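Colleague: Could you take me through one part of this model slowly, as you would for someone in their first year? I would like a close look at the metal site and what lies around it.

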Amino acid sequence: MAIHTKSFISEVGHQFNLEGYIGSSEVHGNGNVNDTFLLFCEDGDSLNRYTLQRINHDVFKNPEGLMENFSRVTRHLQAKIEKDGSDKKCLNLVPAKDGRFFHKDSNGNYWRVTKFVDGGRSFDVPEDIHQAYEAAKAFGDFQAKLADLPGDPLIETIPDFHNTRKRFEHFRSVCNQDKLERVAEVQDLVDFAVVREHLADLIKVENFPSRVVHNDTKLNNVLLHKTTGEGMCVVDLDTVMTGCVLHDFGDLVRTAACSALEDEPEVDKVFFLPKIFGAIVEGYLKATSNILESSEIEHLAVAPQVITYELGLRFLTDYLEGDVYFKVKRPGHNLDRVRAQFKLLASMEEHFEQAKQIVDLYSRPLLSG
Ligand code: GN1
Ligand code: MG
């Protein structure tokens with residue numbers, strides 16, 4: 001991450017309509033792309049917290065369009081929450097002093113502020129089955145609530161984001177060029193990816209209903225209520241755009257129905273968890289049974305393999321290109337990620353029949369009804 005001093009962070013924070021005076025700030029979260037900070041604002045006897053983020057504009061080439069998406073989506077969700085009188089939450093943007101939803105600093109960086117959501121917790125791996133169920137229900141509910149988002153289609157914040165075929169073609173061309181001469185050292189991983197090329201064509205967005213989806217549904221992108229454990233608020237809305245529900249479902253399975261972290265260096269610790277998968281299917285269908293079509297349901301079992309493959313390809317490509325996209329904390333970090341993803345994928349393949357039976361069990365009443 002670019003180094004931002006505390007005084008600079010404060011200076012950026014002052015560009016927004018915050019309640020109170022910024023007393024302190026700290027680096028927050030473990031995102032791989034944007035830079036995130038917490039701001040603590042003293043307002044008389046109360047302390048207001050805000051989340052300040054620098055949008056990585058190398059990755060998100062149209063930050064202003066992205067913020068327009070963000071604002072439309074959060075206003076729609078907020079209106080539904082209020083109409084339902086529900087205790088769910090959604091992110092709330094804090095405008096800059098000039099009335100826009102972002103601030104552009106003198107270096108050309110884009111920043112935004114949201115109110116910190118109190119009372120929630122996020123998890124990198126689930127502690128129990130209930131958390132997986134709640135997370136799946138929350139992401140499903142997010143899709144269902146956005147099914148009637150009015151107006152023009154959202155802008156594509158990253159074109160072809162889940163185009164696995166394009167990801168594969170890029171991987172192949174990076175391998176062929178091998179500019180950093182790293183391929184030989186990871187030939188086993190390259191071979192693993194190449195023999196599974198067919199996975200790149202199993203889920204093409206154009207073959208499924210086009211919907212507003214989240215596109216980055218890692219388990220830690222949903223806050224669960226600290227005491228009740230219920231799904232409370234979906235976060236990280238940068239990739240919300242038109243897409244296919246299967247990528248959301250699959251990415252939650254990738255991160256939640258897995259025994260270890262995405263970058264676990266000891267691959268023996270990484271395997272697929274069928275029981276958690278069952279809870280995810282159940283929670284997800286609970287929220288989406290009214291919107292899903294049979295073609296979508298029929299691909300729920302394979303979707304996690306496709307997205308796990310896609311992430312493995314992306315991490316491997318990034319390693320071969322010199323670790324230029326994902327933040328890395330140690331040499332070989334991207335390779336740890338690849339090995340963990342490919343180990344998880346192999347484990348998903350072993351459990352595929354079981355996964356199909358689980359989907360069948362929970363979806364049969366919907367398909368026959
Ligand atoms: C990135 O930055 P973060 O952690 O929210 C990436 C996702 C990957 C994820 C893997 C815009 O998300 O697609 O699944 O890393 N986001 C982007 O941890 O590329
Ligand atoms: Mg993200």
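Modeller: Happy to; we start at the metal, then turn to the pocket, the small sheet, the cavity and the cysteines.

First, some ground rules. This is a predicted model, in which local features need pLDDT of at least 70 and side-chain atom pairs count only at pLDDT 80 or more, while totals for chains, interfaces and linings use all residues. Residues are numbered from 1 along each chain as its sequence is written, chains are lettered from A and ligands numbered from 1 in the order in which they are written, and side-chain values use heavy atoms, with hydrogens and water left out.

The magnesium ion (ligand 2) has D216 (OD) and D236 (OD) as its protein donors, 1.9 to 2.0 Å away. Donors are N, O and S atoms within 2.8 Å of the metal (3.2 Å for Na, K and Ca), and sites may look incomplete because water is not among the atoms. These two residues link distant parts of the chain, 20 residues apart. D216 sits in the loop between strand 8 (211-213) and strand 9 (222-225), and D236 in the loop between strand 10 (231-234) and strand 11 (241-243). Helices (H or I, at least four residues) and strands (E, at least two) are DSSP runs, numbered from the N terminus. D216 is buried, at 19% relative accessible area, whereas D236 is partly exposed at 26%. Here buried means under 20% relative accessible area, exposed over 50%, and partly exposed in between (1.4 Å probe, protein chains only).

D236 also belongs to the largest pocket: G31, Q53, N221, V235 and D236 are the closest to its centre among 44 lining residues. This pocket holds about 990 Å³ of space. On a 1 Å grid over the protein atoms alone, a pocket is an open set of points with protein on both sides within 12 Å along at least five of seven lines, a cavity is a set where a 1.4 Å probe fits but cannot get out, and lining residues have an atom within 4 Å of a point. Grid points are joined across faces, edges and corners, and a volume is the space filled by probe spheres set on the points. Strand 3 (46-55), strand 6 (110-115), helix 6 (245-256) and helix 9 (303-320) each give at least two residues to the pocket lining.

Strands 9 and 10, met above beside the metal-binding loops, belong to an open sheet of 3 strands in the order 7-9-10, with antiparallel pairing. Strand 7 and strand 10 are at the edges with a single partner strand each, so one side of each has no neighbour in the sheet. Two strands pair if DSSP finds at least two bridges between them. Strand 7 (residues 120-121) joins strand 9 through 2 bridges, while strand 9 and strand 10 share 3 bridges. L224 of strand 9 stands opposite R121 and also opposite G231 in strand 10. Strand 9 and strand 10 form a hairpin with 5 residues between them, and G229 in the turn has a positive phi of about 80 degrees.

The structure also holds 1 cavity of 30 Å³ or more, with a volume of about 50 Å³. Helix 9 and helix 11 (352-368) each give two or more residues to the lining of this cavity.

Finally, the whole structure has 0 disulfides, that is, pairs of cysteine sulfur atoms within 2.5 Å. The sulfur of C41 is 19 Å from the closest cysteine sulfur, in C233, which is too far for a bond.
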